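This report describes side-chain pairing in a single protein chain, with attention to charged pairs, aromatic pairs and burial.

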Amino acid sequence: MVIGAHLSASKGYTHMLEEALSIGANTFQFFTRNPRGGKAKDMDEEDIKTFLEKAKQVQFGTILAHAPYTLNCCSAKPETRQFALETFADDLKRMEYTPNMLYNFHPGSHVGQGEETGIKLICETLNSVLFEDMTTTVLLETMAGKGSEMGKTFEELRSILDGVELKDKMGVCLDTCHVNDGGYDIVNHLDDVLEEFDRIVGIERLQALHLNDSKNPLSAHKDRHEKIGEGYIGTQAFERIVNNKYLKNLPMFLETPNDLDGYAKEIALLRGLQK
């Protein structure tokens, strides 16, 4: 099982690797910059070199970089879309310091423009920032559907993927809290949900999981994460998730409301559920 948690990038890649190992993880997720936006820190090439060497030694899993929440490719405001494009492009260039990793982003909110316009604008950004020789796989995250949020249905994800020119650079990250809140019953009908995903998007597009319980029931469209086993999804459902033939070999990332000790307990719990 390749599993990790969301860690702070403030002290660098090597520190995140060491923190991950200390909690029983073999991967991690991090924000590329302040989650509310802003300029990213300069890359520390010595730190990255050390990280890559240590990661190879311990057979560390694929890491996932998360775009800031303020990145909204389909905003109604041109200046917000320009910020998204510039941030996206900068992040993807920086990702090449750690080749063959994952970059996850929230598709955005169309803010009253409609889903068709939202999809068009997201595709325009992706077609501007993706490049032929990049090694990073960019992931669309499944969303809960609050407000005018895009990516709340598998059909929307498929429409975005269809509009991207460099399709081999794209994938999907399935967030368990988000799909539950979005109306997909992974508690009682996990296999059916995954069959639907395969039919609409293609199961080969699924590249990573965000493992989060939910403070809200099915179809709440609210997106409030809970600790594993303490929400409406529950431990038994996570046992089925970590053992599912389509999911068990994907990198898994916790975004639960926890500190390091809490993440360590959840990782141990999830490892114990795997058969």
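Are F154 and Y184 buried or exposed? Both residues are buried in this predicted model. Their rings form a stacked aromatic pair, with 4.0 Å from centre to centre and 15° between the planes. F154 belongs to helix α5, whereas Y184 sits in the loop between α6 (176-182) and α7 (190-200), so the pair ties together parts that are 30 residues apart in sequence.

**Aromatic pairs**

The count of aromatic pairs comes to ten. One of them joins F88 and F105, whose ring centres are 4.9 Å apart; with the planes at 65°, over the cut-off of 60 degrees, the pair is edge-to-face. F88 is part of helix α3 (residues 78-95) and F105 of strand β4 (residues 102-105), so parts that are 17 residues apart in sequence are tied together by this pair. F88 is buried at 0% relative accessibility, and F105 is likewise buried, with a relative accessible area of 0%.

Ring pairs also link Y13, F28, F30, F51 and F60 into a cluster. Within this group, F28 is found in strand β2 (residues 27-31) and is buried, with a relative accessible area of 0%. Beyond its neighbours within four places in sequence, F28 is in contact with A5, L7, Y13, M16, L17, A20, F51, F60, I63, L64 and F253. By C-alpha positions, F28 and I160 are 27 Å apart in space and 132 residues apart in sequence.

**Salt bridges**

The whole structure contains twelve salt bridges. Three of these pairs are listed below with the separation of N and O atoms.

| Pair | N to O distance |
|---|---|
| K54 and E18 | 3.1 Å |
| E115 and K152 | 3.0 Å |
| K152 and E156 | 2.7 Å |

K54 lies in helix α2 (residues 45-57) and E18 in helix α1 (residues 13-22), so their salt bridge ties together parts that are 36 residues apart in sequence. Both partners are partly exposed: K54 has a relative accessible area of 30%, and E18 stands at 39% relative accessibility.

E115 lies in helix α4 (residues 115-129), while K152 occupies the loop between β5 (137-141) and α5 (154-162), so this pair ties together parts that are 37 residues apart in sequence. E115 is partly exposed, with a relative accessible area of 38%, whereas K152 is buried. E156, which also forms a salt bridge with K152, is buried too.

Finally, a network of salt bridges links R33, D90 and D91.

Key
Residues are numbered from 1 along each chain as its sequence is written. This is a predicted model: local features need pLDDT of at least 70, side-chain atom pairs count only at pLDDT 80 or more; totals for chains, interfaces and linings use all residues. Side-chain values use heavy atoms; hydrogens and water are left out. A salt bridge is a side-chain nitrogen of Lys or Arg within 4 Å of a carboxyl oxygen of Asp or Glu. Helices (H or I, at least four residues) and strands (E, at least two) are DSSP runs, numbered from the N terminus. Buried means under 20% relative accessible area, exposed over 50%, partly exposed in between (1.4 Å probe, protein chains only). Contact means heavy atoms within 4.5 Å. Rings of Phe, Tyr and Trp (its six-membered ring) pair if their centres lie within 6.5 Å; planes under 30 degrees apart count as stacked, over 60 as edge-to-face and the rest as tilted.
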